[in-house]
Amino acid sequence: MTAPDPGFEIAPWHLRWQGLDLDALHRTESIFALSNGHIGLRGTLEEGEPVGTPGTYLNGFHEKRTLPYAEAGYGYPEEGQTVVNVTDGKIVRLLVDDEPMDLRYGTTIAHERILDFRSGTLRRSTVWESPTGRRVRIHSERLVSFTERALAVVHYEVEPLDADLELVVQSDLLVNEPISVPRDDPRLAAALDRPLAADFATARDHSATLCHHTRRSGLRMAAAMNHELAVAVTPRCEIYAEDDLARLTIAVDLARGDRVRLTKYLAYGWSSRRSTPALRAQVEAALAAGMETGWETLRQRQRDFLDAYWADADIEIDGDPELQQAVRFALFHVLQAGARGENRAIPAKGLTGTGYDGHAFWDTETFVLPVFTYTMPVVARDALRWRHSTLDRAREHARRLGQPGVMFPWRTIDGAEGSGYWPTGTAAVHVNADIAHAVVRYVAATGDERFERDLGVELLVETARLWDGIGHEDGAGGFRIAGVTGPDEYSALADDNLYTNLMARRNLDAAAAACARHPDIARELGVDADETARWRDRAARMLVPHNDELGVHEQSAGFTHYARWDFAATPPEHYPLLLNYPYFALYRKQVIKQADLTLAMYLCPDEFTAEQKRRNFDYYEALTVRDSSLSAAAQAVLAAEVGHLSLAYDYCVEAALTDLHDLHGNVGSGLHIASLAGTWLGCVGGFGGLRDHDGEISFAPALPDELERIAFRLVWRGRRLSVEIHDHVATYTLRSGDPLRLTHHGTGFRLAEEPRSFPIPKGARVPRPAVPSGREPYRRQRAARS
Ligand code: BGC
């Protein structure tokens with residue numbers, strides 16, 4: 001876990017980057033990406049170059065490609081999907097007395113960028129001297145609107161700093177930008193060459209529209225731009241549009257102190273069904289509405305939207321300013337990944353890069369949706385609606401593999417399985433149970449009966465049916481699930497993966513309970529009393545592997561009997577192991593990529609005693625190398641529960657800094673949204689001890705010595721709550737809504753208008769467990785090196 005100097009100024013509500021480091025472009029473009037869950041713009045410089053990876057994405061817009069196999073097999077997915085870099089509207093080029101403004105030439109006198117978590121904008125300020133000694137100051141501010149879903153705006157201002165200058169500003173819509181993608185890392189994306197074919201181009205006055213389609217997936221899109229121009233003298237303006245480029249050119253002679261101010265409005269739309277004229281009409285309408293609203297009002301609406309978000313979602317941390325900033329950075333990007341996705345997936349990288357081909361995984365339901373369920377539940381509902389809309393594909397996939405019910409894909413954009421490496425893809429059937437779990441959590445937290453009736457019951461029933469097909473009776477009264485892959489991808493095709501079995505058990509019970517609540521819907525879905533009785537019976541008899549001699553649960557049957565990985569002989573540069581060792585070696589050893597059994601102890605807390613949790617945690621801790629960014633957060637939550645508060649803090653920090661410090665060396669291909677969401681889990685599930693179980697929530701707060709105070713907020717069944725942990729006391733406040741009953745460290749209490757405070761029981765001091773050698777949490781590694 002090595003990290004470059006992150007280079008960000010530490011501040012509670014923004015992220016500021018000063019100076020120019022061209023090697024950091026890929027990294028900072030992901031970190032400064034703006035998105036509303038529908039449109040995503042990487043944080044590239046307005047002038048288009050220098051650039052790491054130009055990126056403009058529309059959620060769900062993808063191209064298909066044939067998946068290459070050295071040896072094909074029955075049932076392998078034939079086609080994969082890859083996110084497409086669409087029409088780039090961020091570009092505003094500048095020429096200063098004929099010299100293209102390019103930070104690789106001339107002198108950059110000052111340069112800073114600020115991602116502001118409250119205004120929801122990216123600001124930039126640059127003072128540049130051209131190779132011939134002409135100086136200009138540039139200010140820009142851009143937003144991708146949370147309130148106007150199809151809209152983004154770039155506000156751009158140039159000012160000559162000394163002599164009178166001839167400036168030319170060119171505002172582009174650019175299609176099929178060249179992109180170089182390294183090909184030696186399976187976590188990156190397939191390279192698509194010129195993915196968009198032109199359908200239509202038009203330009204008039206200050207506006208232009210370009211329409212394109214993808215060749216194989218047959219999706220159509222439109223992008224449009226229009227401009228407001230403020231300048232003291234009359235400029236010369238020209239506009240044109242051709243297949244892959246539309247350009248507004250503004251030439252103006254400016255005296256020192258004068259300014260050109262350009263507000264560029266961008267609208268995007270795509271569809272698999274709507275025609276090119278319909279899409280054109282859609283984006284031009286969105287643009288007209290956006291311009292009618294105007295930059296200042298759009299900016300104000302952005303701020304209001306974020307004020308409302310922070311009022312329900314903020315986490316305050318005293319004692320570690322870097323963690324405070326990282327937590328807000330995380331919450332901001334999680335919001336950006338999902339806010340206006342509206343019936344589309346929340347991809348593992350959000351809309352910040354092409355990593356993992358833009359696919360969504362179980363990350364959404366297990367890591368991201370808890371955050372939305374308790375802060376902005378409508379987003380959780382919409383993401384589950386998207387899953388529901390893909391039921392037919394999941395059904396088809398199950399049929400192809402000879403299974404009942406549905407098999408949701410391991411990785412996908414449009415609902416079809418996109419994993420070509422089936423042992424860690426298709427076989428990771430726990431995704432079914434993860435979705436079911438998210439449905440149960442959402443319904444419990446909101447009481448949204450309409451969702452449950454319309455979509456929830458069907459999701460629960462169809463996911464539950466799979467376990468009937470892939471499980472079997474073991475002849476000794478147990479029900480087993482063989483040959484599946486759990487969360488730990490350094491084990492594949494394991495028998496009785498404990499996580500899968502326990503989550504399947506919950507899935508089966510939840511489906512039976514939902515059918516009992518809604519017998520009419522159950523009937524429509526063809527569920528009868530025999531089926532629900534069978535589900536309950538199998539759930540009760542589900543095998544839970546345990547090694548009695550060691551006194552720990554088994555991650556999967558026989559796991560603790562494998563040879564241990566030789567951690568001492570593994571040099572630090574050999575991590576992540578997946579890039580340096582064959583799966584053949586990893587699968588046969590006790591070495592764990594990411595929290596698996598530990599995650600099960602978090603999501604299924606009632607299945608383990610406190611003592612079992614402690615023993616299990618310590619055992620698996622020594623084997624878990626955290627080669628996946630999903631791991632640290634889950635470890636943080638459990639570490640806090642079993643009393644390793646300082647370790648929990650270390651893991652929470654690691655999850656929070658994963659992207660800011662580029663801990664996995666691949667942030668350039670996009671942010672790790674699950675890890676960012678995991679930061680919330682670490683704080684709220686770890687230090688707050690929040691658990692949701694049996695339709696109720698409970699808290700068991702505790703603070704590590706490293707922190708002075710944490711306060712967080714939650715939305716629960718229409719109420720707004722806050723919890724503050726400070727000075728060995730937890731204070732619960734009902735900010736709005738009806739009184740309710742809560743639990744503090746196992747003791748129930750009623751919360752009404754008056755805040756309630758309770759002491760935090762002193763936990764027994766427990767020795768810090770061993771971690772694999774060389775895999776200490778990030779800050780400890782950094783401290784050891786310096
Ligand atoms: C992890 C998976 C995860 C995927 C996408 C992989 O490295 O092992 O659990 O779903 O990344 O984030």
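A polar contact here is a pair of N or O atoms within 3.5 Å. With that in hand, welcome to a set of close-up views of a predicted model.

**View A. Polar contacts between the ligand and three side chains.**
Start with Glu489, where a polar side-chain atom sits 3.3 Å from an oxygen atom of the ligand. Gln594 also reaches the ligand, with a polar side-chain atom 2.5 Å from one of the ligand's oxygen atoms. Then look for Trp362: an N or O atom of its side chain is 2.9 Å from a ligand oxygen atom. The protein covers 93% of the 310 Å² of accessible area that the ligand has on its own.

**View B. The shell of residues around the ligand.**
Stepping back a little, you will find Ala348, Tyr356, Phe361, Trp362, Asp363 and Trp410 among the residues around the ligand. Glu489, Lys593, Gln594, Ser628 and Leu630 belong to this shell as well. Sorted by class, the shell holds 6 nonpolar, 2 polar and 3 charged residues.

**View C. Gln302 and its surroundings.**
Gln302 is part of helix H3, which spans residues 295–313. Is this glutamine, Gln302, buried or exposed? Gln302 counts as buried because its relative accessibility is 0%, and the cut-off for buried is under 20%. Apart from neighbours within four places in sequence, Gln302 is in contact with Ser119, Gly120, Leu143, Val144, Ser145 and Phe146.

**View D. Helix H16 and what covers it.**
Helix H16 runs through residues 631–641 and is mostly covered, with 10 of its 11 residues buried. The buried residues are Ser631, Ala632, Ala633, Ala634, Gln635, Ala636, Val637, Leu638, Ala639 and Ala640. Which elements help to cover the buried residues of H16? Among them are helices H14 (597–603), H15 (610–621), H17 (645–657) and H18 (673–687), together with strand S28 (691–693). Follow the chain just past H16 and you meet Gly643, which has a positive phi of about 100°.

**View E. Two cis peptide bonds that precede prolines.**
Glu49 and Pro50 are joined by a cis peptide bond, with omega at about -5°. Pro50 belongs to the loop that connects strand S4 (39–41) and strand S5 (56–58). Another cis peptide bond links Tyr575 to Pro576, and there omega is about 0°. To find Pro576, look in the loop between strand S26 (563–564) and helix H13 (583–586).

**View F. Positive phi at Asp662 and His728.**
Asp662 is not a glycine, yet its phi is positive, at about 50°. This aspartate, Asp662, is located in the loop between H17 and H18. Asp662 is buried, since its relative accessible area is 10%. His728 is not a glycine either, and its phi is positive at about 65°. The loop that holds His728 lies between strand S31 (719–726) and strand S32 (729–736). With a relative accessible area of 57%, His728 is exposed, because the cut-off for exposed is over 50%.

**View G. The annotated segment at residues 690–750.**
An unreviewed UniProt entry annotates residues 690–750 as "domain: Glycoside hydrolase family 65 C-terminal". How much of the chain over residues 690–750 is helix, and how much is strand? In the model, this segment is 0% helix and 64% strand. The C-alpha atoms at the ends of the segment are 17 Å apart.

Note on methods
Residues are numbered from 1 along each chain as its sequence is written. This is a predicted model: local features need pLDDT of at least 70, side-chain atom pairs count only at pLDDT 80 or more; totals for chains, interfaces and linings use all residues. Side-chain values use heavy atoms; hydrogens and water are left out. A residue is near a molecule or strand if one of its heavy atoms lies within 4 Å of it. A polar contact is a pair of N or O atoms within 3.5 Å; within protein, one must be able to donate a hydrogen and the other to accept it, and residues adjacent in sequence count only if both atoms are side-chain atoms. Accessible areas come from the Shrake-Rupley method with a 1.4 Å probe; for residues, only the protein chains shown count as cover. Ala, Val, Leu, Ile, Met, Phe, Trp, Tyr, Cys and Pro count as nonpolar, Asp, Glu, Lys and Arg as charged, and the others, Gly among them, as polar. Helices (H or I, at least four residues) and strands (E, at least two) are DSSP runs, numbered from the N terminus. Buried means under 20% relative accessible area, exposed over 50%, partly exposed in between (1.4 Å probe, protein chains only). Contact means heavy atoms within 4.5 Å. UniProt positions are given in the numbering used here, feature names are shortened, and annotations may be inferred rather than shown by experiment.
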